[in-house]
Each structure stands twice: as C-alpha cells, then as structure tokens.
Amino acid sequence: MLYNTITIHNAYNLFKVIILNNLLKLYNLCIDITLNMLYNVCIVNNIYKLSKERSEKLIQGRLGYNSANDRYGLLVSDLWENDGFHCGEPLEVLVDDKWVGTRMEMSIDHEWYLVDTPYKGDLEYIQARIEK
C-alpha cells in the first residue's frame, strides 16, 4: 500500500511538472506572439508616418496641356501648379492604381510621353504628383 501511495504521489508530482512546463511554454508563446504583434504594429505605424510625411511634401493633381507654352503641366482644381514640365523633370503618375516615378520626354515624332509608363501622346487628365 505504501508503494502505491508513493507511486501515486510521484505520478501526481510528475503531472504537476508537466502541466507547469506546458503552461510556461504557452506563456512564453503568448509573450512571443504579443511582442511580434507589437513589432508589426510599430512597423505599420512607421510606414504610415513616412507615407503621410511624404504625401504632405507632394502636390497632387492632373496633367493638362498648356497651349501658352506648348507643354504639359500640373493642374490642381483647374489652376496651374506647374505650368509646364521640361524634358527630364521628375514626377509621379498613377498607373494601375500605383504611383510610378517617371519623367516627361518628347519623342522624335514630337509626341510627349512619360518614361517607363504606357502613356504617350495625349496625356490630359493623367493623375500626377510632384514635390512641393
């Protein structure tokens, strides 16, 4: 009978150790997940801040043809923010819902085009942005 009591007592202690060990593992896992989530929130927050700071430094509008100087410029609420881009001047345009860095150039055929974009010829109403 004493042997059975010792065996039961040892099994009980072993059971407590196993449970405590698993609880500790679960606790550490929860801490890891929480820290990982906090890290991801910090990254997203920093990306948002950088994006917001960048967007505050940009003027967004649409391209329009300025017949006074035969160039395309940037219109914001139908007012010239930039009355005419020169060849090589950097800007960003919206291509398939993504902002793409480009520059305005003129082809041999005397057509305006935006480098590394599908836009060539009539560039009216293309969404664009430039640095302030």
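This passage describes the confidence of a predicted model, its paired strands and the surroundings of Asn 82.

The model is predicted, with local features requiring pLDDT of at least 70 and side-chain atom pairs counted only at pLDDT 80 or more, while totals for chains, interfaces and linings use all residues. Residues are numbered from 1 along each chain as its sequence is written, and side-chain values use heavy atoms, with hydrogens and water left out. The mean pLDDT (the predictor's confidence in each residue, from 0 to 100) is 80 for the protein, and 61% of the residues reach 70 or more. Among the elements (DSSP runs numbered from the N terminus, with helices, H or I, of at least four residues and strands, E, of at least two), the lowest mean pLDDT, 62, belongs to helix H1 (residues 2-56), and the highest, 96, to strand S2 (residues 71-76). Where pLDDT is low, predicted coordinates should not be read in detail.

Strand S2 pairs (at least two DSSP bridges between two strands) in the antiparallel sense with S1 (residues 58-66) over five bridges, and with S3 (residues 79-82) over three, also antiparallel. Four residues separate S1 and S2 in their hairpin, where Asp 70 in the turn has a positive phi of about 55°. In the hairpin of S2 and S3, two residues lie between the strands, and Ser 77 takes a positive phi near 55°. Leu 74 of S2 is the bridge partner of Leu 63 and also of Asn 82 in S3.

Asn 82 counts as buried (under 20% relative accessible area, 1.4 Å probe, protein chains only) because its relative accessibility is 12%. A polar atom of the Asn 82 side chain lies 2.9 Å from the backbone nitrogen of Gly 84. Not counting residues up to four places away in sequence, Asn 82 touches (heavy atoms within 4.5 Å) Gly 73, Leu 74, Glu 89 and Ile 130.

Technical notes:
Buried < 20%, exposed > 50% of the residue type's maximum accessible area, 1.4 Å probe, protein only. Polar contact = N/O pair within 3.5 Å; in protein donor to acceptor, adjacent residues only side chain to side chain.
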